[in-house]
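Visitor: I have a model to explore and would enjoy some company. Could you walk me through it?

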Amino acid sequence: MEQLVYRGFPLVRETEADGFIYGLITDHFYFECEEDDSCTSGDGFVQAPDGSRAGIIWEIEKEPSLSVCIKPEKDRWGVYNVSFVKPIKTMDDLIFNFKTVLPLIKEAYDNAKFRK
């Protein structure tokens, strides 16, 4: 079954870990008026191993965190506010941030599946 939510936005295959993949909505490598040429907030999504998806609204904080913005719905397992720990300048930064919050994402995914 084709996943329609977040259709047209690319998956970043380099981020894949345990079957979870980050998807790009904000272009993390386009820097607009940032002093240090890095991206410090944005929007994305995550695709779970089963192909289902959830939205991600992220910013930079000292510690990784995740909170529910929109509860799971029919077409996605929620939208989450996520704290990445470092600004994104390179693909390695994006991969590091995604893997840092992945345990929180997996927990949100498991909780969303349980509620269905």
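Visitor: Which helix holds lysine 99?
Guide: Happy to start there. This is a predicted model, where local features need pLDDT of at least 70, side-chain atom pairs count only at pLDDT 80 or more, and totals for chains, interfaces and linings use all residues. Residues are numbered from 1 along each chain as its sequence is written, and side-chain values use heavy atoms, with hydrogens and water left out. Helices are DSSP runs of H or I with at least four residues, strands are E runs with at least two, numbered from the N terminus, and the one at residues 91-115, which holds lysine 99, is H1.

Visitor: What is the separation of the C-alpha atoms of lysine 99 and glutamate 16?
Guide: Lysine 99 is in contact (heavy atoms within 4.5 Å) with Thr15, Glu16 and Ala17, leaving aside neighbours within four places in sequence. Lysine 99 and glutamate 16 are 83 residues apart along the chain, and their C-alpha atoms are separated by 8.7 Å.

Visitor: Which element gives the most to the largest nonpolar core?
Guide: A nonpolar core is a set of buried Ala, Val, Leu, Ile, Met, Phe, Trp, Tyr and Cys residues joined through side-chain atoms within 4.5 Å; buried means under 20% relative accessible area, exposed over 50%, partly exposed in between (1.4 Å probe, protein chains only). Of the 24 residues in the largest core, those touching the most other members include Trp77 and Ile105. Strands E1 (11-17), E2 (20-24), E4 (53-60) and E6 (79-84) each supply at least two residues, as does H1. The most, 8 residues, come from H1.

Visitor: Is cysteine 39 buried or exposed?
Guide: Cysteine 69, at 40% relative accessibility, is partly exposed. Because its relative accessibility is 7%, cysteine 39 counts as buried.
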